[in-house]
Every structure is written in C-alpha cells, then in structure tokens.
Amino acid sequence: MEFEKIVHERYATKLFDGRKIPEEKISRLFEMIRHAASSFNIQPWKIIIIKDQKLKEKLQPATWNQQQIPTCSHLLVFCADTGIAGNIDRLEKLMIENGADKESIKGYIDMMKGFEKNLSEEQKLSWSQRQTFLALGNALNGAKSLGFDSCPMEGFNPAEYSRILSLPKNLVPTALCPVGYAKDTQKDKLRFAKKDVFIEDSKLKW
Ligand SMILES: Cc1cc2nc3c(=O)[nH]c(=O)nc-3n(C[C@H](O)[C@H](O)[C@H](O)COP(=O)(O)O)c2cc1C
C-alpha cells in the first residue's frame, strides 16, 4: 500500500476480532520495527511480544480494562531500555563485525559514551522513551501496510506491567501496540487545520 494511503487509513482500533496474524506477516512487522531510526543508532528499546491469551487477560485490568488487549492477535509492549551504555558496547561490536576498524570508530564511540555519562537516570529514561516512540510509529504504519490494524496505547499502568511481566529495572514499559484485525470501523479523522499546525518562516521574527 502506498505510504500516503497508509497514513490516512491507519486508525486507533478500539476492538479487534480475535483472528491471529500469520507468522510470516507478523515477522515482517517486527523487521519494520527493528529498522526504526534512533539517535546515534543506539536502539534503546526492547519490544515484548505477548500472544498468550491468559497473559493478555491478566494484563487487561492494568490497561484500564480496554478491549483491545484480550481481542488483539499480538500485544506488543514497547519498553524503553535505559541500559544505554550496554547498547553502545553492542553497537561497537556490531560495527566491528561489519567491517569497521576499532581505532577509526573510537572517536565516535567515545563521543556516545560521553553523551551517556552526562545523562541523569531521569534523562536516560526520557531520551530512551523518545527513541522508543519512533519504533512505535513504524509499528502503527507498518501494521496497516501489511493489511492489519493497531492501536497506540498509553492508557495502562507501567508499574503493574513491570510487576506482572517481571521486567528488569532497565526496561520501562512506555507504550503498548496491540495488533490484529479490526472489528470496529474507522471514524472520520479529526485534525487541527494546516494553519494551526505549521508556522512558516515568513511569520517568524528572526
Ligand atoms: C501515545 C498514545 C497513546 C494513546 N493511548 C490510547 C489508549 O490508551 N487507548 C486508546 O483507545 N487510544 C489511545 N490512543 C489513540 C489516540 O486516541 C488516537 O491516536 C487519536 O485519537 C487519533 O485518532 P487516530 O489514531 O484513529 O487517527 C493513543 C495514541 C497515542 C499516540
């Protein structure tokens, strides 16, 4: 499907019909998520894939009882990974495995390490959550491109998710993305007018 059409036809699905997405299709979605852009390519995220119906039902009360949770095919829990230093090490290894010379990338690696060192724990979380939302964006549009539906969700209790899923401290549930086949239908898109969204440079004092 053409990207412009995807953007207009994707919508926040409130109810899925319970059908399972074929493995071949869901793995293509995972590839689109995995290839999302991130600052320095640090990829500070982990996505938990939940297929088990009992587990989905256990998570529903921690999701304001929203209907998307038990009716979706797969529930993706987008977690920000605050273990940024570990990802920098993994990235360095990956770059070397892909032909980079350790010495020639030293400056770049040291720059990333310096950046990480200067972040407070709070800033690490905020930074990795911002990156994680880019991966979520790929999931939303990617699902539509593959012929199924999705819903971005923040209406859940992250602490409860961490507890139920026994997540390590560095993984912070940031957004949910249930995917499946919609049982509801798309409503008209309600968006602010172009003039209220974009500001042309001619309107600025500079
Ligand atoms: C970060 C984020 C969190 C959201 N949380 C929820 C949610 O918990 N439940 C829900 O039904 N929709 C949720 N939505 C969907 C929005 O309400 C929806 O995207 C918005 O109304 C625009 O509608 P559309 O996506 O259908 O075009 C969320 C959207 C975003 C981007």
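Helices, taken as DSSP runs of H or I with at least four residues, and strands, taken as DSSP runs of E with at least two, are numbered from the N terminus. With that in hand, I can start at one spot: just after helix H7, Gly-147 takes a positive phi of about 95°. What you see above is a predicted model, in which local features need a pLDDT of at least 70 and side-chain atom pairs count only at pLDDT 80 or more, while totals for chains, interfaces and linings use all residues. Residues are numbered from 1 along each chain as its sequence is written, and side-chain values use heavy atoms, with hydrogens and water left out.

Let me step back to the whole chain. It holds nine helices and four strands, and from the N terminus on the elements run α-α-β-α-α-β-α-α-α-β-α-β-α. The C-alpha trace spans about 55 × 50 × 35 Å along its principal axes. Of the 206 residues, 39% count as buried, where buried means under 20% relative accessible area, exposed means over 50%, and partly exposed is in between, with a 1.4 Å probe and protein chains only.

Now to the helices. H7 covers residues 121–145, and its 25 residues reach 36 Å from the first C-alpha to the last, close to the 36 Å expected at 1.5 Å a residue; the expected span is 1.5 Å times one less than the number of residues. The buried residues of H7 include Trp-127, Leu-136 and Leu-140, and also Lys-124 and Lys-144.

Helix H6, residues 106–117, has 12 residues that should span 16 Å, and its end C-alpha atoms are indeed 16 Å apart. Which residues of H6 are buried? They are Ile-109, Met-112 and Glu-116, and because they cover an arc of only 60° around the axis, they sit on the same side of H6; the arc is that of the directions from the helix axis to the C-beta atoms. As a general matter, an α-helix has 3.6 residues a turn, so residues three or four places apart point the same way. The face of H6 turned away from its buried side carries the exposed residues Gly-107 and Lys-117.

Two loop residues deserve a look. Gln-43 lies between helix H2 (23–34) and strand S1 (45–50), and its phi is near 50°, a positive value in a residue other than glycine; with a relative accessible area of 25%, Gln-43 is partly exposed. Trp-64, in the loop between helix H3 (53–59) and helix H4 (68–71), also has a positive phi near 50°, and at 64% relative accessibility Trp-64 counts as exposed. By contrast, Ala-175 in strand S4 (residues 171–180) counts as buried, at 2%.

Finally, the ligand. How many residues surround it? There are 14, the closest being Ala-12, Lys-14, Gln-66, Lys-189 and Arg-191, where a residue is near if one of its heavy atoms lies within 4 Å. This shell divides into six nonpolar, three polar and five charged residues. Turning to single atom pairs, a polar side-chain atom of Arg-10 lies 3.0 Å from an oxygen atom of the ligand, an N or O atom in the side chain of Arg-191 is 2.8 Å from a ligand oxygen atom, and a backbone N or O atom of Pro-152 lies 3.1 Å from a ligand nitrogen atom. Taken alone the ligand exposes 620 Å², and the protein buries 64% of that, with areas from the Shrake-Rupley method and a 1.4 Å probe.

How values were computed:
A polar contact is a pair of N or O atoms within 3.5 Å; within protein, one must be able to donate a hydrogen and the other to accept it, and residues adjacent in sequence count only if both atoms are side-chain atoms. Ala, Val, Leu, Ile, Met, Phe, Trp, Tyr, Cys and Pro count as nonpolar, Asp, Glu, Lys and Arg as charged, and the others, Gly among them, as polar.
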